[in-house]
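Student: Got a minute to go through the strands in this one with me? Let's start with a sheet.
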Amino acid sequence: MKKIITTCLALFVLLNMAQAQSTIKGIIKDIQNNQPIPGAAVYIPHTTTGCTTDAEGMFTLESKTSFDSIAVKALGYQKKSIPVKDKGRYLTITLEPSNTSLNEVQVVGLASDRKIIGTPGSVDLMTMKDLQRNDGIFLQNTLNLLPGIQMEMRSQDQGARIVIRGYGNSTNFNGVGYKAYLNGIPLTDADGTTIMDDVDFSSLGSVEVVKGPSSSLYGSGIGGVLNMTSQKASFGTTIGQDFTAGSYGLSRTNTSVGIGTDKVNLFINYGHQEYGGYRVHEHSDKDYLTMNGDIYAGEKRTVSIFTSYSNSYSLLPGELDSANFRNHPTMADPAYLANNAYVRMETSRMGVSQTYRFNSLFSNQTSVFTSSTAIEQPTAVGLTETNKSKLGARTQFVFTPTIGKMKTKWILGGEYEKNNIFTESYGLTNTILGPLKSALQVRPMMYNAFAQGELNITPSTLLTAGASLNVVEYGVSDMIAASATHVSGSGDKVFTPFLTPRVALNQILNDKVSVYISASEGYSAPATSQVVIAQTGVVNKGLQPEIGTSYEIGTKGSLLSRRLNYQLALFSMDVTNKLVSENYAASGTTPAYTATVNSGDVKYQGAEFSASYNYVKDSAATISLVRPFVSYTYSNFYNVSFKSDNNDNSHTIDYSNKKVSGVAPNMFNAGIDLETKWGLYLNTTYQYVDRMPLDFINKHYADAYGLWNAKIGFRTHLAKRISLNIYGGVNNILSANYSSLLFLNWNPATDPASFLPMAKINYYGGVSLKFMLK
């Protein structure tokens with residue numbers, strides 16, 4: 001009997017020891033980009049037991065005492081606590097970036113997967129808190145606070161054109177010259193065109209901008225790369241309902257469901273948006289449905305799925321000359337009214353990606369994606385109908401061996417993308433359909449192979465070198481038979497394969513300051529809208545890609561006990577074979593049209609500076625956050641050898657030594673974020689944009705303007721599982737008369753119809769409710 005009792009006691013002690021000596025393993029990731037977070041602290045609350053994640057974001061936490069939750073904190077991220085039920089389960093824990101120490105946040109960047117401070121190039125990041133600083137609907141109000149970036153709109157919520165470092169305004173429609181991704185899926189088509197009217201900016205979770213030529217890893221794009229991710233679910237199961245209303249008939253609703261665990265993150269959102277319009281004939285109606293999911297299938301595999309659907313209808317008021325812009329900014333162009341001009345767009349998009357770690361040194365990320373878009377657009381001069389589909393894939397292998405004592409990273413991959421675009425153009429007079437002008441099938445295809453090596457020459461010195469081989473092809477089929485009155489536009493165009501190298505050196509002076517220098521080359525092939533003149537149906541086969549060569553030096557840092565965060569970049573870029581739009585007035589039976597030509601060389605020189613200071617950052621203080629921030633952009637962009645055409649005759653105009661049109665030489669932004677421990681908060685921003693030339697000859701200018709916006713709100717918990725956010729704001733408080741997007745390079749002999757007036761002072765207010773189910 002004594003032996004039995006002794007044995008039972010021994011078993012009891014062993015069982016309690018086994019329970020007490022718990023071991024938990026897992027990985028800490030950035031919730032938006034799934035990048036591992038090294039150096040994060042993982043600990044048991046109210047104890048001294050804890051550990052730190054390794055270079056791969058992994059941790060092993062051992063404790064001799066029982067516990068039911070753990071906490072995680074890392075520089076640049078919001079602290080998080082999660083319950084722990086099964087201590088034998090591998091945990092995937094995601095952290096939300098904070099905007100108070102951005103230099104410490106992990107970014108995709110130039111495929112480095114490093115903190116901003118360790119990335120050898122100019123990278124800006126907008127977190128969820130930044131995106132909510134304004135109304136949360138119109139991305140331009142927030143994105144334009146970054147240095148070197150200008151998001152321009154034809155109207156308040158339609159016709160986005162993004163210009164990075166003065167590059168990207170060579171066409172007056174859509175975007176060219178940069179590469180845009182949404183949850184890893186390219187928004188940019190194979191021909192280099194980026195349409196963003198089908199993107200729900202209200203549901204974004206982060207925006208990352210890489211500035212300067214990035215063709216060595218991303219293919220076409222001299223301006224840079226825009227990486228956007230959709231919102232992710234908070235930990236637990238939540239249902240959200242948001243409603244915003246404002247001036248000029250603005251109305252926006254979001255209905256969302258989120259499921260966040262250590263095994264899955266699923267976020268579904270439906271949004272409906274209406275805008276009555278500041279101008280006559282500017283009403284818009286949009287519906288968005290997005291689904292974004294991450295499946296953490298063990299410690300080796302993560303699978304991500306993204307699907308979206310959008311349906312929008314936006315009336316087009318057209319452009320105004322300077323006289324009407326100043327005196328009658330709300331009027332519409334009579335020619336647009338006569339044809340009831342609008343854009344109707346329907347888009348479906350889907351992508352699946354997998355990240356797989358074969359072992360601690362070798363991993364792969366592969367994505368496949370597809371999309372389809374239908375566009376119907378009557379304008380002042382005709383009707384264009386477009387149906388296009390896209391199919392593509394991207395894969396990237398990463399190998400991280402240590403050679404001797406030197407850490408290295410080797411990246412090898414490729415991207416493929418093909419579009420099939422059917423476009424028909426008709427005459428249109430007073431909404432009466434005229435004859436068929438053109439019917440084209442355009443098949444642009446882009447593919448590239450890229451490689452990059454990163455060598456930590458010393459623990460604080462990183463050398464990066466890489467290159468990509470890029471190929472762009474066009475196939476054009478003219479669906480109208482050749483005749484005496486119609487010259488067939490059918491044909492093929494294969495651009496000469498182009499090698500784009502990049503080399504950079506980053507030196508971390510201490511944990512808080514770094515300097516870098518880089519040299520890179522990029523290219524931008526002509527877009528479909530530049531190859532095909534939609535108004536006339538003529539195919540412009542003689543165009544060549546633009547080539548950009550950039551040199552940059554910069555520094556980043558976190559000073560004064562990491563309260564002051566700054567970035568400074570100086571750059572010089574030469575662009576050859578510059579593509580420019582020339583606008584021609586109607587003549588006889590030929591309608592007004594825009595044609596693109598290669599017209600010379602351009603020099604881009606500039607400086608970008610941004611800084612923020614956490615004057616107060618204490619969650620327990622009455623005023624818990626006081627964070628002022630500023631940014632400044634200086635642009636000295638001018639034509640080196642630049643002409644109206646390549647004919648060199650009496651009609652050729654020499655624009656050499658003139659300023660680049662559509663770029664402000666000075667832009668300044670300032671703002672402040674205030675928060676209290678009671679939940680009351682205030683965000684206010686001011687943006688100054690200098691005067692800028694409208695045409696190549698620098699005869700006409702757009703005036704300088706300033707935009708002052710402000711938002712006040714209150715966040716609280718109504719109950720343990722219900723959170724409330726009530727807010728209201730004012731945009732353009734000073735009622736500046738300005739045009740966000742300028743139609744450039746009209747005939748300089750006349751007062752150009754270049755202006756698209758934006759709303760003067762306008763108000764909004766809203767409420768956001770979130771219900772935590774478990």
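Tutor: Sure. There's an open sheet of four strands in the order β3-β2-β5-β6, with antiparallel pairing. A strand here is a DSSP run of E of at least two residues, numbered from the N terminus, and two strands pair if DSSP finds at least two bridges between them.

Student: Which strands are at the edge?

Tutor: β3 (50–52) and β6 (80–83), and each pairs on one side only. Neighbouring strands of this sheet are turned by 20 degrees against each other on average, direction ignored; the axes are lines fitted to C-alpha atoms, and angles run from 0 to 180 degrees between N-to-C directions.

Student: Is this predicted or experimental, and how's it numbered?

Tutor: It's a predicted model, where local features need pLDDT of at least 70, side-chain atom pairs count only at pLDDT 80 or more, and totals for chains, interfaces and linings use all residues. Residues are numbered from 1 along each chain as its sequence is written, and side-chain values use heavy atoms, with hydrogens and water left out.

Student: OK, how many bridges between β5 and β6?

Tutor: Four, in the antiparallel sense, with β5 covering residues 69–73. Ala71 stands opposite Ser81 in β6.

Student: New topic: what does β17 pair with?

Tutor: β17 (residues 236–246) pairs with β18 (residues 250–260) over eleven bridges, antiparallel. β17 also pairs with β50 (residues 762–772), antiparallel over nine bridges.

Student: Which residues are the bridge partners of Gln241 and Ala245?

Tutor: Gln241 has Thr255 in β18, and Ala245 has Gly765 in β50.

Student: And which residue takes a positive phi in the hairpin of β17 and β18?

Tutor: Tyr248, near 60 degrees; that hairpin has three residues between the strands.
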